[in-house]
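Me: I would like to learn how to read a structure for empty space and for residues with unusual surroundings. Could we go through one together?

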Amino acid sequence: MLFATYNIHFGLGSDHRYDVARIADAVAAADVICLQEVVQGWALNAFADQAAEIAARLNRYVWFHGAFDADSSAVEGDGRILNRRRTFGNAVLSRWPISEARGHLLPKTSLPTQFDLQRGMVEAVIAARSRPLRVYSLHLSHLTPRQRLPQIAAVLDLVHGAARRGGTWDHQVADLFGFSEKAPPVPTAAVVMGDFNFTHADPEYPAICGELHPFMGRVTQADGLVDAWAAAGNVEDRESFPGDGRIDHCFITADLAPQVRRAWIDDTTPASDHFPLFVELDV
(Lines give C-alpha, C1' and ligand atoms only; values in the text may rest on other atoms or scores of the structure.)
Protein backbone atom coordinates (compact mmCIF):
# COMPACT_ATOMS: atom_id res chain seq x y z
CA MET A 1 0.00 0.00 0.00
CA LEU A 2 1.45 3.33 -1.04
CA PHE A 3 1.01 6.42 1.16
CA ALA A 4 1.89 10.01 0.31
CA THR A 5 1.95 13.28 2.22
CA TYR A 6 2.13 16.66 0.50
CA ASN A 7 1.97 20.25 1.70
CA ILE A 8 0.38 21.74 -1.43
CA HIS A 9 0.93 25.46 -0.60
CA PHE A 10 -2.64 26.36 -1.66
CA GLY A 11 -1.88 24.93 -5.12
CA LEU A 12 0.85 27.50 -5.79
CA GLY A 13 4.06 26.00 -7.14
CA SER A 14 7.69 26.91 -6.63
CA ASP A 15 7.46 28.48 -10.10
CA HIS A 16 4.65 30.75 -8.78
CA ARG A 17 2.07 29.05 -11.00
CA TYR A 18 -1.31 28.00 -9.57
CA ASP A 19 -2.22 24.53 -10.80
CA VAL A 20 -4.20 22.13 -8.61
CA ALA A 21 -4.26 19.51 -11.37
CA ARG A 22 -0.50 19.02 -11.26
CA ILE A 23 -0.69 18.72 -7.45
CA ALA A 24 -3.05 15.79 -7.95
CA ASP A 25 -0.88 14.28 -10.66
CA ALA A 26 2.21 14.40 -8.44
CA VAL A 27 0.65 11.97 -5.94
CA ALA A 28 -1.66 10.06 -8.28
CA ALA A 29 0.09 6.73 -7.72
CA ALA A 30 -0.60 6.73 -3.97
CA ASP A 31 -3.44 4.73 -2.46
CA VAL A 32 -3.79 7.03 0.57
CA ILE A 33 -2.85 10.72 0.39
CA CYS A 34 -2.48 13.24 3.21
CA LEU A 35 -2.57 16.89 2.17
CA GLN A 36 -1.81 20.08 4.08
CA GLU A 37 -2.39 23.77 3.31
CA VAL A 38 -5.58 22.89 1.49
CA VAL A 39 -8.00 25.80 1.14
CA GLN A 40 -11.68 26.36 0.46
CA GLY A 41 -13.57 29.61 -0.10
CA TRP A 42 -10.63 31.94 -0.80
CA ALA A 43 -11.01 34.74 -3.33
CA LEU A 44 -7.42 34.26 -4.52
CA ASN A 45 -8.45 31.07 -6.35
CA ALA A 46 -12.08 31.88 -7.15
CA PHE A 47 -13.35 30.23 -3.94
CA ALA A 48 -12.26 26.79 -5.14
CA ASP A 49 -12.74 23.65 -3.06
CA GLN A 50 -9.28 22.18 -3.58
CA ALA A 51 -9.89 18.92 -1.72
CA ALA A 52 -12.93 18.20 -3.91
CA GLU A 53 -11.05 19.13 -7.09
CA ILE A 54 -8.12 16.83 -6.31
CA ALA A 55 -10.40 13.97 -5.25
CA ALA A 56 -12.41 14.32 -8.46
CA ARG A 57 -9.29 14.28 -10.64
CA LEU A 58 -7.93 11.17 -8.89
CA ASN A 59 -11.33 9.52 -8.34
CA ARG A 60 -10.68 9.13 -4.60
CA TYR A 61 -12.73 9.29 -1.43
CA VAL A 62 -11.93 12.46 0.50
CA TRP A 63 -12.41 14.15 3.86
CA PHE A 64 -11.28 17.68 4.67
CA HIS A 65 -11.10 19.63 7.93
CA GLY A 66 -10.27 23.32 8.14
CA ALA A 67 -8.65 24.10 11.47
CA PHE A 68 -8.58 27.75 10.40
CA ASP A 69 -12.09 28.97 9.61
CA ALA A 70 -13.14 32.56 8.91
CA ASP A 71 -15.99 34.38 7.25
CA SER A 72 -15.91 34.78 3.48
CA SER A 73 -19.57 35.65 2.98
CA ALA A 74 -20.98 38.30 0.68
CA VAL A 75 -24.23 40.23 0.37
CA GLU A 76 -25.69 40.04 -3.11
CA GLY A 77 -27.34 42.91 -4.92
CA ASP A 78 -30.82 41.92 -3.79
CA GLY A 79 -29.72 41.80 -0.15
CA ARG A 80 -29.48 38.03 0.13
CA ILE A 81 -26.58 36.69 2.18
CA LEU A 82 -24.24 34.34 0.36
CA ASN A 83 -22.84 32.21 3.16
CA ARG A 84 -19.30 31.10 2.54
CA ARG A 85 -16.41 30.12 4.82
CA ARG A 86 -12.70 30.70 4.21
CA THR A 87 -10.92 27.59 5.47
CA PHE A 88 -7.34 26.32 5.60
CA GLY A 89 -6.56 22.80 6.72
CA ASN A 90 -5.77 19.19 6.01
CA ALA A 91 -7.29 16.41 3.95
CA VAL A 92 -7.11 12.65 3.56
CA LEU A 93 -7.83 11.01 0.21
CA SER A 94 -8.19 7.27 -0.19
CA ARG A 95 -8.67 4.62 -2.84
CA TRP A 96 -10.97 2.88 -0.34
CA PRO A 97 -13.92 4.30 1.63
CA ILE A 98 -13.26 6.53 4.62
CA SER A 99 -15.57 4.80 7.05
CA GLU A 100 -15.39 7.56 9.66
CA ALA A 101 -13.47 10.77 10.16
CA ARG A 102 -13.09 13.75 12.46
CA GLY A 103 -11.01 16.86 12.85
CA HIS A 104 -8.93 17.68 15.92
CA LEU A 105 -7.70 21.12 16.94
CA LEU A 106 -4.14 21.19 18.26
CA PRO A 107 -2.98 23.44 21.12
CA LYS A 108 -2.40 27.09 20.24
CA THR A 109 -0.84 29.88 22.30
CA SER A 110 -1.52 33.50 21.39
CA LEU A 111 1.50 35.32 19.95
CA PRO A 112 0.57 39.00 19.47
CA THR A 113 3.82 39.90 17.68
CA GLN A 114 4.20 36.83 15.44
CA PHE A 115 2.00 35.26 12.78
CA ASP A 116 0.62 31.83 13.53
CA LEU A 117 -2.77 30.23 13.10
CA GLN A 118 -4.90 27.46 14.49
CA ARG A 119 -3.42 24.09 13.60
CA GLY A 120 -5.28 20.82 13.31
CA MET A 121 -5.21 17.15 12.44
CA VAL A 122 -7.54 14.99 10.40
CA GLU A 123 -8.26 11.50 11.71
CA ALA A 124 -9.67 9.08 9.14
CA VAL A 125 -10.38 5.36 9.27
CA ILE A 126 -9.60 3.79 5.90
CA ALA A 127 -11.60 0.67 5.06
CA ALA A 128 -8.80 -0.91 3.03
CA ARG A 129 -9.38 -4.44 1.75
CA SER A 130 -6.32 -5.83 3.51
CA ARG A 131 -6.99 -4.28 6.93
CA PRO A 132 -8.57 -1.10 8.31
CA LEU A 133 -6.11 1.64 9.26
CA ARG A 134 -6.22 4.95 11.08
CA VAL A 135 -4.62 7.69 9.01
CA TYR A 136 -3.83 11.18 10.30
CA SER A 137 -2.97 14.27 8.26
CA LEU A 138 -1.54 17.16 10.28
CA HIS A 139 0.29 20.47 10.08
CA LEU A 140 2.20 21.76 13.11
CA SER A 141 3.21 25.35 13.85
CA HIS A 142 6.01 26.80 11.74
CA LEU A 143 7.45 28.81 14.63
CA THR A 144 9.36 27.27 17.57
CA PRO A 145 9.67 24.02 19.51
CA ARG A 146 7.80 25.70 22.37
CA GLN A 147 4.77 25.96 20.07
CA ARG A 148 5.15 22.50 18.56
CA LEU A 149 5.92 20.36 21.61
CA PRO A 150 2.45 20.76 23.17
CA GLN A 151 1.02 19.92 19.75
CA ILE A 152 3.14 16.76 19.61
CA ALA A 153 1.92 15.76 23.07
CA ALA A 154 -1.66 16.19 21.84
CA VAL A 155 -0.93 14.15 18.71
CA LEU A 156 0.51 11.26 20.72
CA ASP A 157 -2.46 11.30 23.05
CA LEU A 158 -4.91 11.28 20.13
CA VAL A 159 -3.13 8.45 18.34
CA HIS A 160 -2.54 6.21 21.36
CA GLY A 161 -5.82 7.11 23.05
CA ALA A 162 -8.01 6.24 20.09
CA ALA A 163 -9.31 2.99 21.57
CA ARG A 164 -10.14 4.73 24.84
CA ARG A 165 -12.20 7.41 23.07
CA GLY A 166 -13.77 5.01 20.61
CA GLY A 167 -15.02 5.85 17.16
CA THR A 168 -17.26 8.68 16.08
CA TRP A 169 -20.21 6.76 17.47
CA ASP A 170 -20.70 3.89 19.93
CA HIS A 171 -22.99 0.86 19.85
CA GLN A 172 -26.10 1.10 17.65
CA VAL A 173 -29.72 2.07 18.09
CA ALA A 174 -32.04 0.13 15.80
CA ASP A 175 -34.94 2.58 16.05
CA LEU A 176 -32.89 5.82 15.84
CA PHE A 177 -32.82 7.36 12.39
CA GLY A 178 -29.36 7.29 10.83
CA PHE A 179 -27.54 5.50 13.67
CA SER A 180 -28.66 1.92 13.19
CA GLU A 181 -25.26 0.79 11.88
CA LYS A 182 -23.01 -1.11 14.22
CA ALA A 183 -20.05 0.99 15.32
CA PRO A 184 -16.87 -0.30 13.66
CA PRO A 185 -13.91 -1.28 15.84
CA VAL A 186 -11.07 1.22 16.18
CA PRO A 187 -8.03 -0.02 14.22
CA THR A 188 -4.87 -0.39 16.28
CA ALA A 189 -2.48 0.46 13.46
CA ALA A 190 -2.01 4.12 12.58
CA VAL A 191 -0.13 6.19 10.01
CA VAL A 192 0.58 9.83 10.94
CA MET A 193 1.69 12.03 8.04
CA GLY A 194 2.11 15.71 7.38
CA ASP A 195 4.15 18.86 7.66
CA PHE A 196 5.71 18.70 11.12
CA ASN A 197 7.98 21.72 10.62
CA PHE A 198 10.93 20.03 12.32
CA THR A 199 13.86 17.88 11.20
CA HIS A 200 15.50 14.84 12.77
CA ALA A 201 18.01 17.19 14.44
CA ASP A 202 15.37 19.21 16.32
CA PRO A 203 14.13 18.45 19.87
CA GLU A 204 10.65 17.64 18.61
CA TYR A 205 11.93 14.57 16.74
CA PRO A 206 13.00 12.53 19.78
CA ALA A 207 9.88 13.75 21.57
CA ILE A 208 7.53 12.24 19.00
CA CYS A 209 9.63 9.06 19.03
CA GLY A 210 8.93 8.69 22.75
CA GLU A 211 11.91 10.23 24.52
CA LEU A 212 11.44 12.44 27.57
CA HIS A 213 11.21 16.18 27.10
CA PRO A 214 10.58 18.80 29.80
CA PHE A 215 7.73 20.44 27.90
CA MET A 216 5.87 17.15 27.46
CA GLY A 217 5.91 15.62 30.91
CA ARG A 218 6.40 11.91 31.37
CA VAL A 219 6.58 10.26 27.97
CA THR A 220 7.84 6.71 27.49
CA GLN A 221 9.06 4.83 24.44
CA ALA A 222 5.70 3.06 24.27
CA ASP A 223 4.05 6.46 23.78
CA GLY A 224 6.22 7.27 20.78
CA LEU A 225 5.93 6.63 17.06
CA VAL A 226 8.35 5.18 14.52
CA ASP A 227 9.81 7.26 11.69
CA ALA A 228 9.02 5.34 8.49
CA TRP A 229 11.87 7.11 6.68
CA ALA A 230 14.41 5.66 9.11
CA ALA A 231 12.63 2.29 9.25
CA ALA A 232 13.08 2.06 5.47
CA GLY A 233 16.84 2.34 5.97
CA ASN A 234 17.21 5.88 4.60
CA VAL A 235 19.77 8.41 5.77
CA GLU A 236 19.32 12.15 6.16
CA ASP A 237 20.32 13.14 2.65
CA ARG A 238 17.05 14.53 1.30
CA GLU A 239 14.94 17.65 1.82
CA SER A 240 11.17 17.91 1.62
CA PHE A 241 11.29 21.72 1.95
CA PRO A 242 14.27 23.18 0.10
CA GLY A 243 16.64 24.90 2.46
CA ASP A 244 14.94 23.62 5.63
CA GLY A 245 15.57 19.88 5.35
CA ARG A 246 13.21 16.93 5.81
CA ILE A 247 10.31 18.49 7.70
CA ASP A 248 7.51 16.41 6.13
CA HIS A 249 7.28 13.05 7.83
CA CYS A 250 5.47 9.74 8.08
CA PHE A 251 5.35 8.32 11.60
CA ILE A 252 3.73 4.96 12.25
CA THR A 253 2.70 2.84 15.22
CA ALA A 254 5.29 0.23 16.19
CA ASP A 255 3.23 -2.67 14.84
CA LEU A 256 3.65 -1.32 11.29
CA ALA A 257 7.43 -0.80 11.49
CA PRO A 258 8.34 -4.29 10.18
CA GLN A 259 6.08 -3.67 7.18
CA VAL A 260 7.88 -0.60 5.84
CA ARG A 261 9.30 -1.44 2.43
CA ARG A 262 10.65 1.89 1.18
CA ALA A 263 10.30 5.64 1.49
CA TRP A 264 11.34 8.40 -0.88
CA ILE A 265 10.89 12.09 -1.64
CA ASP A 266 10.05 13.29 -5.14
CA ASP A 267 12.23 16.38 -5.46
CA THR A 268 11.52 16.81 -9.18
CA THR A 269 8.08 18.39 -9.09
CA PRO A 270 7.59 22.19 -8.91
CA ALA A 271 3.88 21.86 -8.07
CA SER A 272 4.35 23.21 -4.50
CA ASP A 273 7.06 24.81 -2.40
CA HIS A 274 7.32 21.41 -0.63
CA PHE A 275 8.10 18.02 -2.16
CA PRO A 276 5.82 15.00 -1.65
CA LEU A 277 6.96 12.13 0.58
CA PHE A 278 5.99 8.56 -0.35
CA VAL A 279 6.01 5.51 1.94
CA GLU A 280 5.26 1.95 0.88
CA LEU A 281 3.91 -0.44 3.53
CA ASP A 282 3.37 -4.15 3.04
CA VAL A 283 -0.12 -4.28 4.54
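Reply: Let us begin with a residue on the outside of this predicted model. H16 is exposed, with a relative accessible area of 68%, and this histidine is found in the loop between strand 1 (2-7) and helix 1 (20-26). H16 also has a positive phi of about 65°, although it is not a glycine.

Me: Is E37, which also has a positive phi, buried or exposed?

Reply: E37 counts as buried, because its relative accessibility is 12% and the cut-off for that class is under 20%. The phi of E37 is near 55°, again in a residue other than glycine, and E37 is found in strand 2 (residues 32-40).

Me: How should I look for empty space, and what is the volume of the largest pocket?

Reply: Rolling a probe the size of a water molecule over the atoms shows where empty space is left. Here the largest pocket has a volume of about 270 Å³, and of the 20 residues that line this pocket, the closest to its centre are E37, F88, R119, H139 and H142. Sorted by class, its lining has eight nonpolar, seven polar and five charged residues.

Me: How many cavities of 30 Å³ or more does a search of the whole structure find?

Reply: The search finds two. The largest cavity holds about 60 Å³ of space, and strand 7 (98-105) and strand 8 (120-126) are the elements that give two or more residues to its lining, with strand 7 giving the most, three residues. The residues lining this largest cavity include E100, R102, E123 and R134, and by class the lining divides into five nonpolar, three polar and four charged.

Me: Which residues line the second largest cavity?

Reply: They are E37, A67, F88, G89, N90, Q118, R119, G120 and H139, around about 50 Å³ of space. The largest share of this lining, three residues, comes from strand 6 (residues 85-94), and by class the lining has two nonpolar, five polar and two charged residues.

Me: When a charged residue such as R60 is buried, what should I look for around its side chain?

Reply: One can look for a partner of opposite charge and then for other polar atoms. R60 is buried yet has no salt bridge, and the nearest side chain of opposite charge, D31, is 5.7 Å away. A polar atom of the R60 side chain does, however, lie 2.9 Å from the backbone oxygen of A28. As for its place in the chain, R60 is in the loop between helix 2 (50-58) and strand 3 (61-71).

Notes: Residues are numbered from 1 along each chain as its sequence is written. This is a predicted model: local features need pLDDT of at least 70, side-chain atom pairs count only at pLDDT 80 or more; totals for chains, interfaces and linings use all residues. Side-chain values use heavy atoms; hydrogens and water are left out. On a 1 Å grid over the protein atoms alone, a cavity is a set of points where a 1.4 Å probe fits but cannot get out, and a pocket is an open set with protein on both sides within 12 Å along at least five of seven lines; lining residues have an atom within 4 Å of a point. Grid points are joined across faces, edges and corners, and a volume is the space filled by probe spheres set on the points. Ala, Val, Leu, Ile, Met, Phe, Trp, Tyr, Cys and Pro count as nonpolar, Asp, Glu, Lys and Arg as charged, and the others, Gly among them, as polar. Helices (H or I, at least four residues) and strands (E, at least two) are DSSP runs, numbered from the N terminus. Buried means under 20% relative accessible area, exposed over 50%, partly exposed in between (1.4 Å probe, protein chains only). Lys and Arg count as positive and Asp and Glu as negative; His and the chain ends are not counted. A salt bridge is a side-chain nitrogen of Lys or Arg within 4 Å of a carboxyl oxygen of Asp or Glu. A polar contact is a pair of N or O atoms within 3.5 Å; within protein, one must be able to donate a hydrogen and the other to accept it, and residues adjacent in sequence count only if both atoms are side-chain atoms.
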